[in-house]
Structures are given as structure tokens and as C-alpha cells.
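User: Could you walk me through reading a sheet and then a helix? I would like the general idea before each case.

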Amino acid sequence: LQLLSSTSESMRTLELFELQQQEGPCVDCHVLGEPVVIEDLEASERWPLFAPRALEQGFRSVYALPLRLRGATIGALNLFRIEPGAAEPSDVRAAQALADMATIGLMQQRAVHEARELAGQLQLALHSRVIIEQAKGLLAERLSCELEEAFQLIRTYARNRNLRLREVAAAALAGTVSAAELAAQQPDGR
Amino acid sequence: MSAAGPTPSDAGGDGLQRLYSAVARHDHGRAEPLPRLQAICAGALDLLAVSGIGVMLMAERAHQGTLHSTDAVIAQLEALQNAAAEGPCIDSYLLGRPVLEGDLAGRGQRTWPVLAAAALEAGMAALFSFPLQIDDTAFGALNLYRERPGPLADGEIDDARLVAAMATREVLALQAEQVPGSLPSLIADLSGDRAAIEQATGMVAAQLDANVVLAGRRLREAAMDQGRPLVEIAHDVVARRLRLG
């Protein structure tokens with residue numbers, strides 16, 4: 001479990017979330033996939049670490065609502081109340097709606113992040129193919145060899161120096177690594 | 001072209017719903033990226049008053065393969081734009097925004113003289129390109145053409161943006177199946193022609209002792225001079241039947 005957002009900036013409140021790495025309504029809710037409700041923390045012995053600290057902060061009751069996604073629980077929404085007793089059912093329903101919205105927000109954030117990564121990977125892979133094919137052509141012509149041999153030279157050079165294929169290809173195109181240098185590194189000669 | 005006579009959308013949410021329904025009529029329950037992409041294009045074709053749609057990958061100011069085209073006319077666009085080294089899809093990809101030309105014979109001729117002439121001859125009178133991108137990371141373009149000139153309606157532009165967004169998602173789904181750094185085999189296999197053009201570019205660069213930009217230009221000039229497709233010239237260079245030094 002990881003704290004993603006809190007309405008209170010106080011370090012001591014945040015500590016309540018931190019503490020729930022070990023025990024507390026959030027952990028139980030996440031594991032059970034069910035809402036966890038403690039109407040009075042003073043009367044509860046469920047969490048010997050968590051309860052005294054929450055009470056110290058002035059909280060008497062706590063709700064943890066699951067963030068659900070297609071049957072899986074991906075997190076929990078914690079609500080603290082300073083009063084003991086049950087919250088109104090309408091409040092609980094509103095809180096679960098809030099939890100569902102938080103889930104959508106989380107998933108969107110994850111999806112956007114993932115899409116950015118994938119777009120970057122695809123862009124780079126397309127770009128790499130262009131310069132690798134160009135470098136193959138350049139070297140094949142300079143060395144009067146086959147394209148496949150030129151590719152092997154690029155690959156050997158990249159492996160020996162722990163470089164990426166596209167880095168060697170770009171260097172060959174820019175002339176910072178010469179065809180002669182690439183040909184010379186072939187252990188079996190050519 | 002639509003048989004149902006759709007009305008232009010007035011709200012984004014509406015457009016999305018109509019697009020989803022249109023796509024659902026074509027997807028036959030298939031969830032894999034390529035069939036989805038085909039269904040998205042087919043659905044978009046029902047919804048928009050355009051003649052054909054193509055999904056193209058781009059890099060380095062050039063087309064890198066056509067993932068899907070709804071007809072033989074739009075399927076030629078990649079070769080035409082690569083031979084001309086200009087066109088709305090290249091601009092759209094580079095600028096990261098839609099590039100819309102409802103009249104290739106008019107204003108389009110002035111913007112892209114070589115491409116416009118070739119596209120008109122191939123049967124495209126209007127071309128509309130929307131980038132495939134996430135934020136500013138672009139990797140392709142969605143292209144729509146019309147046999148007859150005329151702009152896209154505002155609602156159609158909104159719908160086409162949604163189509164591009166849906167297509168973007170499916171292309172990224174293909175990439176998601178890959179190890180980072182490698183191209184989906186589907187994409188890698190798309191264009192043996194493209195590989196030949198890049199290899200020929202490198203060979204001509206060595207022959208001219210020039211950079212690849214000049215080499216690319218020399219290749220295109222040779223294609224134009226000989227009145228042959230760029231791809232053919234490239235294959236001749238790679239097979240060492242032709243030197244351009």
C-alpha cells in the first residue's frame with residue numbers, strides 16, 4: 001500500500017497512513033475487498049498500533065472503502081471522523097461513489113503514463129530502424145560487402161562496447177565511427 | 001461513404017457514443033489491436049462523408065508503413081508522399097496537429113505541388129490528416145481522403161479526432177506486446193520496401209560522399225527523372241544495378 005493523496009498535510013495525519021503499512025482499516029479493506037467500518041476506535045481492540053495513534057489525533061471512527069476495479073481491489077479510501085458512531089448510509093454511499101471515482105482517476109493516470117511510455121518506445125523503435133537500415137547501406141557501399149555483413153559489423157561493434165545498435169548506426173552515419181574502424185574490429189578478418 | 005446519412009455531431013460525448021456503436025458493428029467481437037483498427041476505420045467510414053481512410057506510421061519525416069487502408073486509393077498515399085517528400089500527413093506528424101486540405105487542386109497544389117498532382121491523379125481530391133500521438137510524441141497519422149473536393153464539417157473534424165485517438169490506442173496496444181526497443185513484428189514486416197529505401201539512401205550517401213538528407217533527395221530525383229516509383233529505384237540501388245554517385 002502506498003499513500004497517493006491526502007486532504008490533510010499534517011505530518012502526524014500522514015503518519016496514520018504510514019502506520020497502515022502494518023495494520024489498520026486500509027490494510028484490512030484492501031485484503032478483504034470489503035468496506036471496513038469502526039464506529040468507535042476507543043472500544044475496538046482490532047488494531048493495537050493504529051487505534052491509539054488515531055485517537056491521539058482526535059479521530060474516533062474510521063471508514064475504509066475499497067477502490068474496486070473489475071473485481072480486484074487496487075486500494076482503499078480512508079475516511080476519518082472525529083465523532084464516534086455510524087455514519088449516515090447516504091454518507092457511506094456518497095463515500096463509495098467517491099472511491100469509485102478515485103479508482104477511475106487512478107486508472108486514467110496509470111493509462112496515460114503507460115501510453116506515454118509506449119508512444120516513446122514506438123517512436124524510438126521506428127527511428128532506430130531508419131538509421132540502422134541507412135547505416136547498413138552506407139557501410140555495405142563503403143566496404144563493398146553485403147548488407148547482412150554490414151549489419152554484423154554494427155552488431156559486433158555495439159556488443160564489444162556495450163552500445164545500442166542505433167547508437168553505432170548513428171555514429172557510422174555521422175562519420176564519427178568510420179567504415180574502416182568497423183571492418184577492422186572483425187576478429188576473423190574479412 | 002455512409003449509407004445511413006449521419007448528422008454531424010454537436011457534442012464530443014455524442015460523437016464518441018456514435019463512433020463506438022459504428023465500430024461495434026464491424027468488430028465481430030474481436031479485441032486484438034489489428035482487427036480493432038480495421039473496425040475503427042470501417043466504423044469511421046460509416047460515420048464520416050469520406051471515401052477512404054488509412055493508418056500510417058511515420059518517423060524521420062517519412063512514412064514507415066501503412067497499418068491499414070480501407071481502399072486501394074489511400075493505400076498509395078504512403079508511396080506518393082515518400083516519393084514527393086511532402087504532404088499533409090508528413091506535416092500533420094511534424095506539427096502535431098490536424099492538417100486539412102479540402103481542395104488539393106486549388107490551395108493544395110500551392111502547398112505541396114508534387115504530392116497534390118500525384119494524389120489528384122490517384123483519385124484523391126481532398127486529404128485530411130490527424131496525428132497519432134500522445135502529448136508531443138507522434139508516431140503516425142490517420143489519413144482520410146475524398147474523391148471530390150470539399151472541407152470536413154466541424155462535427156466531422158471532432159469525430160475524426162476521436163477516430164485518431166482510438167487508432168492511437170490500438171497502435172500502442174501492438175507496441176505493448178513488445179519488449180521495449182523492438183518493433184511489433186506486424187510493423188517491422190509492413191514495409192520491406194521502406195527498408196530498401198533506407199538502405200539505398202545509405203548507399204547513395206556513400207556514393208555521393210554526402211549526408212543522408214542529400215542522398216534521399218538524389219534518390220527521389222532519380223525516380224522522378226526516370227518516371228519510376230521510388231521503391232523500384234531503391235531496389236535497383238540495393239541490388240547494385242544502379243549507382244547514383
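Analyst: Gladly! Let's begin with the sheet: chain A holds an open one of 3 strands in the order S1-S2-S3, with antiparallel pairing. Strands (E, at least two residues) and helices (H or I, at least four) are DSSP runs numbered from the N terminus, and two strands pair if DSSP finds at least two bridges between them. S1 (36-38) and S3 (72-81) of chain A each have a single partner strand, so one side of each is left without a neighbour in the sheet. The twist averages 15° from one strand to the next, with axes fitted to C-alpha atoms (for helices over the stretch in contact) and angles running from 0 to 180 degrees between N-to-C directions.

This is a predicted model: local features need pLDDT of at least 70, side-chain atom pairs count only at pLDDT 80 or more, and totals for chains, interfaces and linings use all residues. Residues are numbered from 1 along each chain as its sequence is written, chains are lettered from A and ligands numbered from 1 in written order, and side-chain values use heavy atoms, without hydrogens and water.

User: How many bridges join S2(A) and S3(A)?

Analyst: S2 (61-69) and S3 of chain A pair over 9 bridges; A:Leu67 has A:Gly75 in S3(A) as its bridge partner.

User: And which residues of helix H6(A) are buried?

Analyst: In an α-helix there are 3.6 residues a turn, so residues three or four places apart point the same way. In H6 (165-174) of chain A, the buried ones (under 20% relative accessible area, 1.4 Å probe, protein chains only) are A:Val168, A:Ala169, A:Ala171 and A:Ala172. They fall within an arc of 160° seen down the axis of H6(A), so they line one face; the arc is taken from the directions from the axis to the C-beta atoms.

Definitions and conventions
Buried means under 20% relative accessible area, exposed over 50%, partly exposed in between (1.4 Å probe, protein chains only).
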